[in-house]
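User: I've got this model open and I'd like a close look at one piece of helix packing, then how it sits beside the other packed pairs. Can you walk me through it?

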Amino acid sequence: MISSLGEVSVASVGVANQFFFIFNMCLAGVLGGSGLFISQFFGKNDITNIKKVTALSILLGLVMSLPFVIIAFVSPESIIHIFSYDPEVVALCRNYFKIVVISYPLTAISMGFGVCSRSIKNPNIGMKCSAIAIVVNVCLNYVLIFGKLGFPKMGVEGAALATLIARLVEAIIMVWYVYLYKKDYMLRFNIHHFGMFEKDFLVAYGSKSFPIFLNESFWAVATVCYSVAYAMAGTSAIAASQIATTTSNFFVMTAMCIAMGSSIMLGNELGSDHIDRALDYSKKLGVIVTVTGFLMGILLIISIPMLLKVFSVSETLAPDITKIFIIMAVVMTLRAFNTFIIIGVLRSGGDTKMALIIEMGSMWLGSVPLTFLAAKLGLPIYLLVRCTSVEEIIKFVFGVPRALSKKWAVNIVKDL
C-alpha cells in the first residue's frame with residue numbers, strides 16, 4: 001500500500017525500517033540466547049530455570065529498546081542522514097519515526113514471550129498473535145494512509161500509526177494469554193524470579209548468549225551497510241532494493257522458521273542427553289530446509305510479474321527489480337541452508353562463538369567491502385545485490401565442515 005504513494009514514500013519508510021531492523025536484530029540476539037537455554041531446559045524438564053530465563057528475556061528486551069527509542073526521538077536526522085539527504089525523504093521519515101518508535105518496547109514484550117513459547121514447543125501463540133497484528137496493520141494501513149471510513153488521509157504517518165496499534169494489540173494478547181488465559185503457563189514468571197539470577201547462571205547465560213547478540217547485531221549493521229551502498233545509486237535504487245528485499249525476506253522466512261524450529265528440536269534432544277538422536281535429526285532437517293529453499297526460489301521467479309503489479313513498479317524501475325528478484329531466487333537455496341546451519345545446528349548446542357566467526361567473517365571480510373567497491377565504481381543496483389550474495393558462498397564453505405565435525409552437539413545445561 002505504501003508503494004502506491006510513490007518512490008519517495010517507499011524510500012522514507014524503508015530508511016526508518018532499517019533502524020527498526022537493527023533494533024529487531026539486536027533484540028533477536030538477546031532472545032536467541034534465551035531460546036537456546038529454554039529449549040535445553042525444557043528437554044531437562046527444569047521449570048524453575050525456564051521461568052528465570054523468561055524473566056531475564058523480557059527485562060533485557062525492554063532495556064534494549066530504550067536507547068533506540070531515545071535516539072529516534074531526540075535525533076532522528078542522525079539516523080536518516082546515514083541513508084539519504086533527500087529533503088522529501090528526510091521530512092517523511094521524521095514524521096514516520098516519531099510515531100512508530102513508540103512500538104519498540106511493545107515489540108520487545110511480544111517477541112520475548114513468542115521466542116520463549118516456541119522453545120517450549122508452543123509456537124502457536126506467537127504465530128496467532130503475529131497473524132492478528134498483521135491483519136490489524138494491513139487494515140489500518142488502508143484506512144489511515146488513504147483516509148477511508150471517515151478518517152483523514154495521513155500518508156506515511158498513517159502507516160506508522162497502524163504499525164503502533166498493531167504492535168499494541170499483539171503485546172496485549174500475548175500478556176493476556178500468559179497471565180490470564182493460561183494461568184499455569186510454564187513461562188508465567190513472578191517478581192521474585194528477578195532475584196534468582198545467580199552468578200553462575202548469569203555467567204553461563206552470557207557466555208553462550210553474548211556471541212548470538214554480537215552475531216545478530218553486527219549482521220544487522222552489515223545488512224544496513226548494504227542499504228547504504230545501495231543508496232549511493234540514488235533514491236530510485238533505495239526504493240528498488242527495498243521492494244525486492246522485503247519480498248525476498250517473505251520467502252526466506254519459511255526457511256528461517258524451519259531453522260528456528262530445528263534449533264528447538266535439537267536443543268530439546270541435547271538437553272535430554274539424546275546426542276545421537278540430535279545428530280540424526282540434523283541430517284533430516286538439513287534435507288528439508290534445502291528442498292524448501294529451492295522451492296521458494298522457484299516460486300519467487302514465477303511470482304515476479306505479479307509482484308511488479310502489486311508494488312505498482314514503474315517502467316523505469318521494473319528491469320532492475322526483476323534482475324534483483326532473479327539473483328535472490330538463485331541464491332535462495334544456499335541462503336536457506338546456511339540459515340539452518342547457523343541457527344538450527346550450531347546454536348542449538350551452544351556453538352555460538354563459531355557461528356559468530358563464520359557469519360561475521362563472510363560479511364565483513366567478504367561481501368560488505370565488495371558491495372561498497374561496486375557502489376564506488378558506479379555499478380547498477382542489481383550488480384550490487386549480486387556482490388552482496390557472495391556472503392552465502394563463503395558461509396557455506398566454512399559452515400558445512402563445522403556442522404559435520406559434531407562439535408556443536410553438546411548439553412550445555414546438564415550441570416545448571
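Analyst: In this predicted model, α14 and α16 run roughly antiparallel to each other, because their axes cross at roughly 155 degrees and anything over 145 falls in that class. The two axes come within 8 Å, and α14 passes α16 in a right-handed crossing. For orientation, helix α14 spans residues 352–376, while α16 covers residues 390–405.

Now for who touches whom. On the α14 side you'll find Met354, Ile358, Glu359, Ser362, Met363, Gly366, Ser367 and Leu370. Facing them from α16 are Val390, Glu391, Ile394, Lys395, Phe398, Gly399 and Arg402. Sort that contact by class and you get seven nonpolar, four polar and four charged residues. Glu359 of α14 belongs to the contact, as do Glu391, Lys395 and Arg402 of α16.

How far can you trust this bit? Helix α16 is where confidence in the protein chain is highest, with a mean pLDDT of 95. The low end among the elements is helix α9 (residues 235–271), at a mean of 79. Across the protein chain the average is 86, and 96% of the residues score at least 70. Residues 1–5 are the part to treat with care: the pLDDT there is below 50, though this stretch has 18 contacts in the model beyond near neighbours in sequence.

Next, the pair α2 and α5, for comparison. Helix α2 (residues 47–74) and helix α5 (residues 104–119) have axes that come within 8 Å and cross at roughly 155 degrees, so this pair is roughly antiparallel. Their crossing is right-handed. From α2, the contact takes in Thr54, Ser57, Ile58, Gly61, Leu62, Ser65, Phe68 and Val69; from α5 come Tyr104, Pro105, Ala108, Ile109, Gly112, Phe113 and Cys116. The class split here is ten nonpolar, five polar and no charged, whereas the contact of α14 with α16 includes four charged residues.

Helix α5 also packs on helix α7 (residues 156–181), with the axes 8 Å apart at an angle of about 40 degrees. That makes α5 and α7 oblique to each other, and this crossing is left-handed. Leu106, Thr107, Ile109, Ser110, Phe113 and Gly114 of α5 do the touching, against Leu164, Arg167, Leu168, Glu170, Ala171, Met174, Val175, Val178 and Tyr179 of α7. By class, that's ten nonpolar, three polar and two charged residues. Ile109 and Phe113 turn up in the contact with α2 and again in the one with α7.

Zooming out, the protein chain has 16 helices and zero strands. Its C-alpha atoms fill a box of roughly 60 × 50 × 35 Å along the principal axes. With 416 residues, a compact globule would have a radius of gyration near 22 Å, and the chain's 21 Å agrees with that.

Methods: Residues numbered from 1 in each chain as written. Predicted model: local features only at pLDDT ≥ 70, side-chain atom pairs only at ≥ 80, totals over all residues. Heavy atoms only, no water. Axes fitted to C-alpha atoms, helices over the stretch in contact; angles between N-to-C directions. Helix = DSSP H or I, 4+ residues; strand = E, 2+ residues; numbered from the N terminus. Parallel < 35°, antiparallel > 145°, perpendicular 65-115°, else oblique. Left-handed = near helix turned anticlockwise from the far one by under 90°. Contact = heavy atoms within 4.5 Å. Nonpolar A, V, L, I, M, F, W, Y, C, P; charged D, E, K, R; others polar. pLDDT = per-residue confidence, 0-100. Rg over C-alpha atoms; globule rule 2.2 N^0.38 Å.
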